[in-house]
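Thanks for coming. I have one structure to go through today, so please look at it on the screen while I talk.

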Amino acid sequence: MVRATGLLLRERRARADRRFGVRLFGAVAVAALAAVPFGLLLVLVEGRWRPLRVMDADAARRLHESALAHPGWTSALRFLSDWVWDPATLRCVVALLTAWLLWRRAWRLAAWCGVTAVAGALTGLLVKTVVERARPSLADPVARAPGFSFPSGHAMTATTSLAILMLVLLPLVPRGWWRTLCWSVAVLSVVGVGFTRVALGVHWFSDVVGGWLLGAAVVASTAWAFEAWRADSGRRRSSMAEGLEPELNEAGPER
């Protein structure tokens with residue numbers, strides 16, 4: 001009886017694994033459709049909606065004046081943007097996390113990390129290429145960046161990367177103020193990335209908002225696929241407060 005039950009459970013999880021792969025990549029394809037706020041913002045950017053242009057220009061002007069007046073502050077922002085919160089730095093952290101998950105034999109969670117990170121990068125690049133929005137052109141720039149402007153790659157990478165870190169590692173963080181501290185650091189980092197890009201004059205404010213929204217849409221879509229796998233395999237549904245896989249702190253998280 002026990003053996004039969006074990007066989008049925010393994011078969012159910014095998015079927016769930018096959019559906020998980022399909023759903024994971026399918027979720028990436030519909031991420032843009034799920035991002036209704038991002039879609040609305042994209043329409044306003046493409047339509048050159050005057051109130052949005054005025055807001056972008058005003059924010060760029062005010063922050064640029066402050067950057068010119070405070071060179072030490074500007075140097076600190078460049079360090080944060082080019083090193084601490086640089087997309088390459090954040091992607092390396094996610095890559096290390098994925099390798100650690102593979103070592104822990106958390107195969108599906110590692111797949112989720114890798115697919116979410118790659119999907120975020122490719123989706124952002126595709127949208128940039130389609131929209132072809134020019135970056136701010138300032139008389140005395142304090143920083144420069146290549147490529148198109150919308151959405152902000154820094155803002156999108158920060159959103160996807162920090163969401164991945166939080167949703168994966170949360171089960172390992174003690175409950176209470178430790179989790180509050182981790183969420184606070186993650187949110188402040190995402191907001192800080194956006195602020196540095198506008199303050200340095202390499203993005204419009206709406207570029208940053210677009211990066212936040214699109215990054216959140218990608219994470220939400222792939223997280224839904226992971227939750228669907230958990231349901232199919234007979235596991236209980238997890239909440240945002242528990243992380244994607246609450247069993248990660250156990251010896252065999254995906255057995």
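I will start with the whole chain, then take one helix, then one residue.

First, this is a predicted model. The secondary structure of the protein chain amounts to ten helices and zero strands. Read from the N terminus, the order of elements is therefore easy to write down: α-α-α-α-α-α-α-α-α-α.

Now packing. The protein chain has 255 residues, and 46% of them are buried. Take the contacts between residues at least 6 apart in sequence: 76% of these join residues at least 24 apart. As for the surface, the protein chain exposes about 13,400 Å². Carbon and sulfur atoms supply 68% of that area.

Next, helix α10, which covers residues 205–232. What span should its 28 residues have at 1.5 Å a residue? The expected figure is 40 Å, and the end C-alpha atoms of α10 are 41 Å apart, so the two agree. How many of the 28 residues of α10 are buried? The count is 20, so α10 is largely enclosed by the rest of the structure.

Last, a single residue, Glu65. Glu65 sits in helix α4, which runs over residues 50–69. Is Glu65 buried, partly exposed or exposed? Its relative accessible area is 45%, and buried means under 20% while exposed means over 50%, so Glu65 counts as partly exposed. Along the chain, Glu65 and Asp140 are 75 residues apart. In space, their C-alpha atoms are separated by 9.7 Å.

That is what I have on this one.

Note on methods
Residues are numbered from 1 along each chain as its sequence is written. This is a predicted model: local features need pLDDT of at least 70, side-chain atom pairs count only at pLDDT 80 or more; totals for chains, interfaces and linings use all residues. Side-chain values use heavy atoms; hydrogens and water are left out. Helices (H or I, at least four residues) and strands (E, at least two) are DSSP runs, numbered from the N terminus. Buried means under 20% relative accessible area, exposed over 50%, partly exposed in between (1.4 Å probe, protein chains only). Contact means heavy atoms within 4.5 Å. Accessible areas come from the Shrake-Rupley method with a 1.4 Å probe; for residues, only the protein chains shown count as cover. The expected span of a helix is 1.5 Å times one less than its number of residues.
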